[in-house]
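Student: I've got a protein model open on my screen and I'd like to talk it through. Can we go step by step?

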Amino acid sequence: MEDKKGILKKYFGYDRFRPGQEKLIDGVLSGRDVLGIMPTGAGKSLCYQIPALMLDGITLVISPLISLMQDQVRSLIQAGVKAAFLNSTLTPRQYALALERAKEYRYQIIYVAPERLETPGFLEFVHSVRIPFVCVDEAHCVSQWGQDFRPSYLKIREFVESMEPRPVVGAFTATATAQVRRDVVALLGLRSPITEATGFDRENLRFEVLHPRDKAVELLRLVQEFGNESGIVYCATRKGVEDICALLQQEGISAARYHAGLEEDERRRNQDDFIFDRVRVMVATNAFGMGIDKPDVRYVVHFNMPKDIESYYQEAGRAGRDGEPARCVILYHGQDVRLCQFLIEHGGEGAGLDEETRDEVRKKDLERLRQMTFYCTTSRCLRQFLLQYFGEKAPSYCGACSNCLKAAPVDVTLQARRLLLCVQQSGERFGMRFIALLARGGEEALGDPRVRRGHLEELPAFGTLPDLPETCAIKILHRLIEMDCLVQTEGEYPVLQLGERAQRVLSGQEKVMARLFAKKNPSAASGRRAVSQKPERQADPVLFDQLKRLRAKIAAIQGVPAYIIFSDAVLSRMSAEKPKTRAELLAIPGIGAAKADRYGERFLEIINRKS
Ligand code: ADP
Ligand code: ZN
């Protein structure tokens with residue numbers, strides 16, 4: 001049997017696990033229930049797909065949304081995994097056929113809607129095969145306290161317990177307050193689950209609040225800046241959606257609309273157009289988004305301030321699921337607050353509640369609105385604001401939100417001195433990121449083999465800047481280079497050495513001021529940890545475009561969204577690395593063996609024609 005790392009590489013094309021993944025996978029494989037709470041885009045799916053490929057028998061994945069199911073199954077099949085779904089889109093004949101094949105173990109993973117669990121045909125199937133593992137996706141749907149309560153989720157526990165032997169149960173969700181988490185454990189009947197909760201932070205998202213005089217003008221500017229990339233524009237009302245969509249279209253921008261007042265048909269059509277990249281911008285009310293797994297949404301603009309931070313974080317979080325840089329922008333105006341107040345006072349939400357409860361609900365809503373308004377008017381770091389709202393610790397500077405970007409130059413003499421000491425004490429033989437790592441110290445640094453080999457943790461300057469984000473450390477190092485306090489050598493592995501003026505800073509004769517300013521490009525500002533020390537090659541925009549066109553062609557022929565073939569991230573890496581052989585292609589993260597076999601040659605042909 002292949003091991004989990006081999007499977008990660010072979011099917012999904014990745015070399016290493018993300019934080020939390022391994023713990024949950026190992027948990028399942030050792031027979032324990034697991035609970036994974038990870039933000040969107042963190043990589044929950046692999047946590048159950050990999051055990052599914054290793055366990056003997058069939059893994060059931062209970063998933064609340066048909067569109068998500070189909071997306072996942074399409075992706076798995078592309079990756080060479082035998083997967084299927086059972087839901088209401090199948091005709092009775094297709095359904096029967098799928099069950100028949102399933103009984104012959106021709107699938108390793110089966111996605112199923114919760115409503116199916118109780119049907120006799122399905123139960124009979126379940127009791128006639130080996131099912132070592134049942135996974136519950138979007139597990140918060142079991143809780144009435146969550147936003148997406150699904151009564152059919154309450155039947156899952158009984159279903160699982162009716163199986164003999166009881167399978168391992170895994171539950172996954174992106175949103176879980178303490179209350180919801182307790183519900184998930186209790187109502188799904190998890191047995192002392194191994195739990196992993198990776199924080200809410202989404203490093204690749206850049207948060208911005210703008211206060212434009214004319215929102216429409218600002219929106220047009222933003223949308224045009226993104227050219228052909230996909231984006232979502234949220235408006236507070238249906239009328240807003242109509243107006244903004246018309247405005248964009250008048251300007252020649254490919255846009256579609258989505259709100260609850262449209263016919264089901266049109267909604268579906270517009271949604272598909274967006275997913276299949278036939279339109280670029282989706283203008284929508286908050287009715288749009290649940291079940292949209294499109295990974296390459298590059299921006300989410302809120303034309304109006306949303307009513308609370310919970311909704312905001314969820315809607316904004318639809319940007320950048322692929323981990324590539326993406327922007328989340330609110331176009332704020334004082335009127336938005338009044339509109340929200342009006343909706344709270346007069347909205348239909350309290351219907352059916354008694355007077356007292358309704359007042360209570362209204363009070364809570366208004367308090368949440370107040371927090372949302374603070375977010376839009378604060379001069380603090382927006383990322384910190386959001387994370388603290390969700391009860392997490394966060395540094396006061398992310399270097400990548402609109403407030404941090406506006407920040408005036410600050411005195412960083414102390415930090416600069418400690419960074420210089422790191423360079424000096426470690427012998428002037430390391431690169432920028434490594435120096436930042438030394439200064440930050442902590443587990444990541446202690447785990448680094450170069451640190452251990454050189455006993456660098458014993459340096460006096462080691463770990464003297466534990467709270468300084470990596471991006472800021474890098475900014476200060478750049479500033480020190482500018483000031484001739486540091487010199488960066490040439491070559492493939494540039495290292496930092498002390499420069500002429502280093503002594504002046506070390507002795508306190510000279511101050512260091514830096515605008516801890518991120519580059520315009522949010523990727524550089526994202527603070528993402530460098531996984532390898534190798535400097536990354538730059539993407540080649542012309543080639544990237546050609547690869548995208550080939551991807552679109554293949555996707556159209558197969559009738560799947562383009563991102564199912566390869567993500568933007570993969571194409572971008574391809575354009576940078578310019579692989580020449582299948583082996584080089586396989587070295588790119590996100591390309592597994594099945595995809596290399598199916599598409600490798602056609603992509604290599606274009607790459608090698610070019611270079
Ligand atoms: P979630 O379900 O948590 O929102 P997904 O499972 O859809 O997230 O994963 C988000 C993206 O991250 C996908 O494109 C997936 O291929 C990628 N991904 C997952 N695990 C890894 C990994 N170990 N290395 C690199 N990319 C990964
Ligand atoms: Zn910030």
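Student: Which strand do 4 bridges join to E11, running parallel?
Tutor: Keep in mind that this is a predicted model. The strand to look for covers residues 230-234 and runs parallel to E11. Within this pairing, Gly-231 has Val-281 of E11 as its bridge partner. The strand joined to E11 by those 4 bridges is E9.

Student: Which residue stands opposite Arg-257 in E11?
Tutor: Strand E10 (residues 255-258) also pairs with E11 (residues 281-284), in the parallel sense and over 4 bridges. Helix H11 (residues 264-275) joins in, since E10, H11 and E11 make a right-handed β-α-β unit. Opposite Arg-257, in E11, stands Val-283.

Student: Which are the edge strands of the open sheet that has 6 strands?
Tutor: Read the order across the sheet: E8-E13-E12-E9-E11-E10, with parallel pairing. An edge strand pairs on one side only, and that fits the two ends of the order, E8 and E10. From one strand to the next the twist averages 15°. The edge strands are E8 and E10.

Student: There's an open sheet of 7 strands as well. Why is one side of E3 and of E7 left without a neighbour there?
Tutor: The order in that sheet is E3-E4-E2-E5-E6-E1-E7, and the pairing is parallel. Strand E3 (83-86) and strand E7 (194-197) stand at the edges, so one side of each has no neighbour in the sheet. Neighbouring strands here are turned by 15° against each other on average, direction ignored. The reason you asked for is that E3 and E7 each have a single partner strand.

Student: What is the bridge partner of Leu-60 in E4?
Tutor: Start with the strands: E2 (residues 59-62) and E4 (residues 109-112) run parallel and are joined by 4 bridges. Leu-60 falls within the range of E2. Its bridge partner in E4 is Ile-110.

Student: At about what angle does helix H2 run to E7?
Tutor: Find H2 at residues 21-29. This helix lies across E1 (34-37), E5 (133-136), E6 (168-173) and E7. Its angle to E7 is about 165°.

Student: How many of the 8 residues of helix H15 are buried?
Tutor: Helix H15 spans residues 382-389 and is largely enclosed by the rest of the structure. The buried ones are Leu-382, Arg-383, Gln-384, Phe-385, Leu-386 and Leu-387. What covers them includes strand E8 and helices H12, H14 and H16. The number of buried residues is 6.

Student: How many residues apart are Phe-200 and Tyr-313, the pair that links distant parts of the chain?
Tutor: A search of the whole structure finds 16 aromatic pairs. One of them is Phe-200 with Tyr-313, tilted, at 6.2 Å centre to centre and 55° between the planes. Phe-200 sits in the loop between E7 and E8 while Tyr-313 is in helix H12, so count the gap along the chain: 113 residues.

Student: Is Phe-390 buried or partly exposed?
Tutor: Tyr-313 is buried, with a relative accessible area of 10%. The rings of Tyr-313 and Phe-390 have their centres 5.2 Å apart and their planes at 50°, so this pair is tilted. The cut-off for buried is under 20% relative accessible area. At 22%, Phe-390 counts as partly exposed.

Student: Which residues form one aromatic cluster with Phe-207 and Tyr-389?
Tutor: Two of the cluster's members are ones we've just met, Phe-200 and Tyr-313. Phe-200 is buried, at 19% relative accessible area. The full set alongside Phe-207 and Tyr-389 is Phe-200, Tyr-313 and Phe-390.

Student: Which residue does a cis peptide bond join to Glu-164?
Tutor: Omega is about 0° at this bond. The partner lies in the loop between helix H7 (156-161) and E6. That residue is Pro-165.

Student: What is phi of Glu-138 near?
Tutor: Glu-138 lies in the loop between E5 and H7. This residue is partly exposed, with a relative accessible area of 21%. Its phi is positive, in a residue other than glycine, and near 50°.

Terms used:
Residues are numbered from 1 along each chain as its sequence is written. Chains are lettered from A and ligands numbered from 1 in the order in which they are written. This is a predicted model: local features need pLDDT of at least 70, side-chain atom pairs count only at pLDDT 80 or more; totals for chains, interfaces and linings use all residues. Side-chain values use heavy atoms; hydrogens and water are left out. Two strands pair if DSSP finds at least two bridges between them. A crossover is right-handed if, with the strands pointing away from the viewer, the path from the first strand over the helix to the second runs clockwise. Buried means under 20% relative accessible area, exposed over 50%, partly exposed in between (1.4 Å probe, protein chains only). Contact means heavy atoms within 4.5 Å. Axes are lines fitted to C-alpha atoms, for helices over the stretch in contact, and angles run from 0 to 180 degrees between N-to-C directions. Rings of Phe, Tyr and Trp (its six-membered ring) pair if their centres lie within 6.5 Å; planes under 30 degrees apart count as stacked, over 60 as edge-to-face and the rest as tilted.
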